[in-house]
Amino acid sequence: MFDIHFFLGLAPLVALIVLIVGLKLPVWKAVLVTLALVLGISYWGYDVSAQTLGMSVAYGALKGFWPITIVIFGAIYSYNIMLKSGAIASIRGLLSSVSDDQRFLVLLISWCFGGFLEAAAGFATAVAIPLGILMALGFNPIRAAIATLVADTVATTFGAVGIPLVIMSDQLGLPATGLTGLSSLAILQLGVMDLIIPFVMVMIVGGGVKALKGMVGLTLITGIATFIPQWIIAVFLGPELTAFGGAMVSLAVFLWLVKRRKVDTPDEYRVTVPVQTQTRTTGEILRATSIYALIFLFILVSSPLFPAVQQTLNTVSTTVPFDLGMGTVLTAKINWIATPGVLILFATVLGGVLFQKVGIKTFVVTVFETIKQLWAAGLAISVIVAMATIMDRAGLISTVAEPLLAVTGAGYPFVVPWIGALGTFVTGSVTNANILFGSLQVHAAEALSLNPLWLAAGSAAGATATKMIAPQSITIAVSSAGLIGMDATLMKGTIKWALLYLVILTVIVGLGAAWFHLS
């Protein structure tokens, strides 16, 4: 069962874990070493030609850059511009003035606004920024950090304008939209977490179940107001706007409910720093949110909801062929306009010039600052896509899948979320986890006669669980909350929630696979 090819196929994944978790190498260095190992194993152990390997690397590197890296660059560039224009400060002040109740504020800032930041930018902004606001309001640093880490989970599968599922759909050739598309199945699996996590956050910040007194209705409605628009958008539009919609609706519903709440805040939950009471005009609010509003608008207009626009924009493209030899050609399509990264850049420049009065020099300087900030992440992503392409083409994935399926048998679907979770824990990225293990789920589904969409979505859902305990996330939380040297404390306080999250997903994905099989 476990022949030499199984161990050769498994070796790159083991090496990646050892390099990142054991030797503490930066992800970009670790994946470069692992890519070299994959090339060697494929050439000498699987007799893959040099042409196939070279073209697979080139194809994967291009796909990693476009559309993944360009989306991340656009998202972080827009965020950096808003930092310099003062828009983020205005939004921060607006949010912190809503209430003096810590339980309300953690939901508003870490769940609603954090979900929006994850949708618009990803790349840890949904931890760093909300946590910074909570610290300024005098929250307990440990509790605030754990609550914010727990919050940044469900939305991450649709983070940075849906790129984790966009690239998974493209890589596996699976539909992203529709009732049984990757997006709708992923949020269907994660929907219960949308309902549970807000309650967990309130309990963490409030010090236990007693903190839910008087909060149950509002907390439940906040979760429902997140899930319903997420599912609707996932079905009809796909992953790009799913987290946006959930965050925007839950934010609006939450503010409406809080405005009508007349109960005084118990002293034990009152923030220690007085909230700001400065009134902001509608014009100031619109100016501060203009770039994000334009990003949402541009992506909406270019979505399947407007097929004529989408088809027209898709014609502005270039197709690049990669001849792998033996009659096999991979093609990479570059959409020069109809890709979220480009649309985000358009929205940033337009909103920055018209509404936030950003100067040309600021735009230019911020380009180079953002490149410096993201070059390592961009390199790591391109290398991981190249590595995953080779592992799939060379047969490494299938030789690992077959013995794994033989051992687990019909119980394999219950393992799927844990595989995705491993990918995120090691690489710190849901996108990377989806790239690494997406093909494995398709192979497994074919072998077990199961729905590949359900297993792929289950892996993507599981990948969100360990986002809260990934070393990169813990490090960002430690820095944002000023908890230097307390990494282990945060990990200990967060890991139990990650395990609960995974156990729930295990049941949902495992039983759901059986239902799909029978239906």
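Modeller: Before we start, helices (H or I, at least four residues) and strands (E, at least two) here are DSSP runs, numbered from the N terminus. And keep in mind that this is a predicted model.

Biologist: Okay, which elements each supply at least two residues of the lining of the second largest pocket?

Modeller: That pocket comes out at about 650 Å³. Its lining counts 24 residues, with Val166, Glu240, Asn335, Ala338 and Pro340 nearest the centre. Sorted by element, those giving at least two residues each are helix 3 (50-85), helix 8, helix 13 (307-314), strand 2 and helix 14 (340-354).

Biologist: And how do the lining residues of that second pocket divide by class?

Modeller: Gly goes with the polar set when residues are classed. On that basis, the lining of the second largest pocket splits into twelve nonpolar, eight polar and four charged.

Biologist: Strand 2 came up there. Which residue in strand 2 is the bridge partner of Val320?

Modeller: Strand 1 (residues 317-325) and strand 2 (residues 328-335) run antiparallel, joined by eight bridges. They make a hairpin with two residues in between, and Met326 in the turn takes a positive phi of about 55 degrees. Within that pairing, Val320 bridges to Ala332.

Biologist: Now the largest pocket. Which residues are closest to its centre?

Modeller: There's about 940 Å³ of space in it. By class, its lining has 25 nonpolar, twelve polar and five charged residues. Out of 42 lining residues, the ones closest to the centre are Phe123, Thr427, Gly428, Ser429 and Gln472.

Biologist: What about closed spaces: which elements give two or more residues to the lining of the largest cavity?

Modeller: Searching the whole structure turns up seven cavities of 30 Å³ or more, and the largest has a volume of about 90 Å³. Its lining has 14 residues, and nearest the centre sit Trp111, Gly115, Ala155, Thr226 and Gln230. The elements with two or more residues in that lining are helix 5 (102-120), helix 10 (216-236) and helix 11 (242-259).

Biologist: How far apart are the end C-alpha atoms of helix 19?

Modeller: Helix 19 (residues 452-465) has 14 residues, which at 1.5 Å a residue should span 20 Å. The model agrees with that, since the end C-alpha atoms are separated by 21 Å.

Biologist: Which residue caps the N-terminal end of helix 19?

Modeller: Helix 19 is largely enclosed by the rest of the structure, because 13 of its 14 residues are buried. At the N-terminal end, a side-chain oxygen lies 2.8 Å from the backbone nitrogen of Leu453, and the residue supplying that oxygen is Asn451.

Technical notes. Residues are numbered from 1 along each chain as its sequence is written. This is a predicted model: local features need pLDDT of at least 70, side-chain atom pairs count only at pLDDT 80 or more; totals for chains, interfaces and linings use all residues. Side-chain values use heavy atoms; hydrogens and water are left out. The expected span of a helix is 1.5 Å times one less than its number of residues. Buried means under 20% relative accessible area, exposed over 50%, partly exposed in between (1.4 Å probe, protein chains only). A polar contact is a pair of N or O atoms within 3.5 Å; within protein, one must be able to donate a hydrogen and the other to accept it, and residues adjacent in sequence count only if both atoms are side-chain atoms. Two strands pair if DSSP finds at least two bridges between them. On a 1 Å grid over the protein atoms alone, a cavity is a set of points where a 1.4 Å probe fits but cannot get out, and a pocket is an open set with protein on both sides within 12 Å along at least five of seven lines; lining residues have an atom within 4 Å of a point. Grid points are joined across faces, edges and corners, and a volume is the space filled by probe spheres set on the points.
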